Structure formats: C-alpha cells, structure tokens
Amino acid sequence: MRKIAIVTGASSGIGREISIELASRSYDLVVVARRRDLLEKLKYDLEDKYKINVYSLAHDLSNIEEINRLVEDIKRLDLSINVLVNNAGAGIYGPLHELNDEDVIRIINLNYVAPVLLTKRLIPDLSKNKGCIVNIISMASYLSIPWFEIYTSTKAALSNFTEALRVELRPLGIRVIGVYPGYVKTDFHRNTIASKSALNKRDMPRGPVLDPRYIAKIVADKIDDASFNKDIIPGRIYKVAYVLNKLFSPVVKYYIKRSFEKKLV
Ligand SMILES: NC(=O)c1ccc[n+]([C@@H]2O[C@H](COP(=O)([O-])OP(=O)(O)OC[C@H]3O[C@@H](n4cnc5c(N)ncnc54)[C@H](OP(=O)(O)O)[C@@H]3O)[C@@H](O)[C@H]2O)c1
C-alpha cells in the first residue's frame, strides 16, 4: 500500500517542491493551502504524471476552526497518515506597535499553533504507522531580529517544540525532523506583511540563495531514511553559519543591534 503524506503550504515554494518530490517517490498526498486553484492544478499534474492519489484541501491554517476542519476532512476521507510536513508559514515585519493585532495573531497561529494542533491530532495515526513529522523551521529561529520578532519567535517556539517532541514521540515510533533553511528562492519575502513605516526599510536577506528543489530532495531523502531522526540544516555554508553563531553569539547580537540602529537614522 502507498504511504500518505500531508504537506501544508503546498501551493508554492518549498511545500510545492516537497509535494512533487514525494509524489515522484510514489507517496499519495494531501496538499493544503488557501489557494484552491493552485492546489487543484498541482493535484491534476501529479496524479497524471505519477499515477498517485492527491487530495487537495483548501484551508486557512491561521484560523483554529479551519485547522480542526482540515483534521475532520482527513478523518472523513478515512486517510491513515504516514508523514506530516508542517511547512505553511509567513513573515510579518515592522515596529510591534504598528502591526495590526489580527495579523500578529494570524502569523502566530499559522507558524506555531497550526503545526502544534495538527501534530497533536495526528499522533494516533502516525504512531500506528510508525510515521514521521517534518517541521520547516528557519535559521532565523536562532536570531532575535528587531521588527521581525514575531516571525523569529514563532520559529524559535517551533524549534523548541520540535526538539522536545523528538524525545517524547520516540517511544511511539514517530520520528521528528526539524529543517532549518537559510535564504530560499520563493515568494516568502514578497509575501511578508510589512507595516507602513517598515515598507522601504526591509533588509533583503543576505547569504547564498538555496533552491527549494534542493531542500525538497534532502527532506524527502531523510523522510525515506527510517534511521534518520534529527535536524537538517541545508547547504554547507549555512551549516558553517550555524556553528559560527553558536560560537560567537555575542558578536552576532552586536551586529544585529548595530544594523537595526543604522536603520533608525
Ligand atoms: N524562503 C525562505 O527564505 C525561507 C527560509 C527559512 C524558512 N522558510 C519557511 O519555509 C516555509 C515555506 O515558505 P516558502 O519559502 O516556501 O514561502 P511561500 O512560497 O510564500 O510559501 C508559503 C506557503 O504557505 C501557504 N500559506 C500561507 N499562509 C497560509 C494560511 N493562512 N493557511 C494555509 N496556508 C498558508 C502558502 O499558500 P497560500 O498562499 O495558497 O495559502 C504557500 O503555499 C515557511 O514556513 C517559511 O517560514 C522560508
């Protein structure tokens, strides 16, 4: 029987590429995002090319009721899940007092609450199938960036959750993989919500740009490797950056503070 993977945020970027990569390895898929037309097109293309089943479920994961509705849909379709990829996410940028309350809550729900609730609801299935959870986090989870703190703190929370869960779920036979990409070429940066005064002051991400297909291939390889149960930092240069950040954290903090102060003048 084919394995079934749920991929959230499958309509574009990293999630779309992970869906394609898993389809090419004969997984059936549940693809989730808000843009129904993009999901339907993906479903049609993947079913046609790889002769698998794809269920396209359009839900807004920043809304708790819709997260629950997604779980109800999965139960209604009687799907027994092997892999959960919590990938959907978005950024928000600007001075905290300028940000719209609703936007802040939506981003926290999308980036942190949705992965937590989906994981919680799917543990029985994943345990039965000795399955795997993949959380797409970010290198930014290691950094405390002014004007970007809602995003970085949701990713820091997801990182902490992932690490603890790996230990908690090991006895149930569920693997938990955290993925920490650096700068990836997707629509993420264009889609980041920016407050009025921050609109023209956004730093464009620095560092090497990763291809989402490269991330997808590594993630799928590790999902298929039943002995792999740890984190992934894609790209050699980002692995080095991770180690440097650990070793020279005060220097990194000083640099972040200086570049923020420069932005204010
Ligand atoms: N790109 C980077 O440099 C980078 C670096 C590190 C980590 N990441 C992480 O990678 C993940 C994927 O981002 P990406 O780079 O692939 O960006 P992206 O192309 O903008 O993709 C984001 C995906 O999330 C979905 N999404 C957004 N809001 C949603 C909502 N309210 N409900 C359901 N789905 C929603 C989007 O679909 P709809 O718009 O159709 O809903 C889309 O499929 C995110 O968690 C991001 O934090 C990205």
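A residue counts as partly exposed when its relative accessible area falls between the buried range, under 20%, and the exposed range, over 50%. With that in hand, welcome to this predicted model and its charged side chains.

**Paired charges**

Side chains of opposite charge can pair when their charged atoms come close. The structure holds 16 salt bridges, and the table introduces some of them.

| Salt bridge | N to O distance |
|---|---|
| R16 and E17 | 3.9 Å |
| R69 and E65 | 3.6 Å |
| R106 and D103 | 3.2 Å |

Let's start with R106, which has a relative accessibility of 32% and is therefore partly exposed. Its partner D103 sits three residues away in helix α4 (residues 101-128), so about one helical turn separates the two. Elsewhere, salt bridges with shared partners link E21, R25, K217, D221 and D224 into one network.

Helix α3 (residues 64-76) is home to both R69 and E65, placed four residues apart, or about one turn of the helix. R69 is partly exposed at 37% relative accessibility, while E65 is exposed at 53%.

In the pair R16 and E17, R16 is partly exposed, with 31% relative accessibility. E17 has a relative accessible area of 16%, so E17 is buried.

**A lysine without a partner**

Where does K155 lie? K155 belongs to helix α5 (residues 149-169). This lysine is buried but has no salt bridge. The nearest side chain of opposite charge to K155 is D231, 13 Å away. A salt bridge needs the nitrogen and oxygen within 4 Å. Beyond its neighbours within four places in sequence, K155 is in contact with N111, I136, I137, S138 and S141.

Notes:
Residues are numbered from 1 along each chain as its sequence is written. This is a predicted model: local features need pLDDT of at least 70, side-chain atom pairs count only at pLDDT 80 or more; totals for chains, interfaces and linings use all residues. Side-chain values use heavy atoms; hydrogens and water are left out. Buried means under 20% relative accessible area, exposed over 50%, partly exposed in between (1.4 Å probe, protein chains only). Lys and Arg count as positive and Asp and Glu as negative; His and the chain ends are not counted. Contact means heavy atoms within 4.5 Å.
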